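Me: I would like to learn how to read the features of a structure like this one. Could you take me through them, with the general idea first and the case at hand after it?

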Amino acid sequence: MTPQQQYIAHWHDSFVNYIGSLLGVIAGLVTRPEAAHEDKEALEDVKMTLTGRDAADVERDLAAGIIKKSTLDKIEKINGDLVDTCLAHIQMNPLVREFWKQMAHIKIERDKAGEQERLAVLQIPVIEG
């Protein structure tokens with residue numbers, strides 16, 4: 001297995017573990033007695049993001065060892081949707097909420113740019129699509 005194939009295989013495993021870990025956290029949280037109906041609805045929204053088409057597409061692409069521009073875009077979208085959903089359900093000052101939202105989205109964009117740099121250094125092509 002080439003270093004490029006190893007990197008993508010590790011990325012795939014990491015992505016699958018990330019999704020699985022978050023789904024496990026959700027499963028535990030919804031069973032807690034202090035979980036209000038609104039909390040459960042928010043967690044269901046998060047669960048839908050984690051099990052939705054974008055996540056399935058990313059997993060499929062990584063499993064196939066194919067990195068497309070859309071793969072990177074979908075990872076960015078999944079993370080952004082998670083942030084937006086969580087922040088929308090947390091009680092806080094609107095200005096503080098906007099700060100956390102902007103900070104999280106900047107981090108997500110930087111993570112995507114960092115991944116694009118790693119792919120370039122490893123000479124892993126990013127296919128249009």
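Reply: Happy to. Helices (H or I, at least four residues) and strands (E, at least two) are DSSP runs, numbered from the N terminus. Here the chain reads α-α-α-α-α along the sequence, with 5 helices and 0 strands. This is a predicted model, in which local features need pLDDT of at least 70, side-chain atom pairs count only at pLDDT 80 or more, and totals for chains, interfaces and linings use all residues. Residues are numbered from 1 along each chain as its sequence is written, and side-chain values use heavy atoms, with hydrogens and water left out.

Me: Which elements of the chain have the lowest and the highest mean pLDDT?

Reply: pLDDT is the predictor's confidence in each residue, from 0 to 100. The chain has a mean of 95, and 100% of its residues reach 70 or more. Among its elements, α2 has the lowest mean pLDDT, 94, and helix α3 (residues 53-64) has the highest, 98.

Me: What does the C-alpha trace span along its principal axes, and what share of the residues counts as buried?

Reply: The trace spans about 50 × 30 × 20 Å. For burial, the classes are buried (under 20% relative accessible area), exposed (over 50%) and partly exposed (in between), with a 1.4 Å probe and protein chains only. Of the 129 residues, 28% count as buried.

Me: Now the charges, please. How many salt bridges does a search of the whole structure find?

Reply: Side chains of opposite charge can pair when their charged atoms come close. The criterion for a salt bridge is a side-chain nitrogen of Lys or Arg within 4 Å of a carboxyl oxygen of Asp or Glu. The search finds 12 of them.

Lys 77 is a good place to start. Lys 77 pairs with Asp 54, their closest N and O atoms being 3.8 Å apart. That pair links distant parts of the chain, with Lys 77 in helix α4 (residues 69-88) and Asp 54 in helix α3, 23 residues apart. Lys 77 also forms a salt bridge with Asp 81, where the closest N and O atoms are 2.7 Å apart.

Me: Why are Asp 81 and Lys 77 separated by about one helical turn?

Reply: Because they are 4 residues apart in helix α4. As for exposure, Lys 77 is partly exposed because its relative accessibility is 43%. Asp 81 is also in the partly exposed class, at 26%, and Asp 54 is partly exposed at 22%.

Me: Which residues are linked in a network of salt bridges?

Reply: Asp 57, Arg 60, Asp 61, Lys 68 and Lys 74. One of the salt bridges joins Lys 68 and Asp 61, with the closest N and O atoms 3.7 Å apart. Asp 61 counts as buried because its relative accessibility is 5%, whereas Lys 68 is partly exposed at 22%.

Me: Where on the surface should I look for patches?

Reply: Patches are made of residues with over 30% relative accessible area and no salt bridge; like charges are joined within 9 Å, and nonpolar side chains (Val, Leu, Ile, Met, Phe, Trp, Tyr) within 5 Å. Accessible areas come from the Shrake-Rupley method with a 1.4 Å probe, and for residues only the protein chains shown count as cover. Lys and Arg count as positive and Asp and Glu as negative, while His and the chain ends are not counted. A charge is placed at NZ of Lys, CZ of Arg, CG of Asp or CD of Glu.

A patch of negative charge gathers Glu 38, Asp 39, Glu 41, Glu 44 and Asp 45. Glu 41 lies in helix α2 (residues 37-51) and is partly exposed at 42%. Glu 44 is found in helix α2 too, partly exposed at 38%.

The nonpolar patch consists of Val 96, Phe 99, Trp 100 and Met 103, which together have about 380 Å² of accessible area. Val 96 sits in helix α5 and is partly exposed at 37%.

Me: One last feature: which residue has a positive phi although it is not a glycine?

Reply: Most residues other than glycine have a negative phi, and most peptide bonds are trans. Here Gln 123 has a positive phi of about 60°. Gln 123 is in the segment after α5 and counts as exposed because its relative accessibility is 65%.
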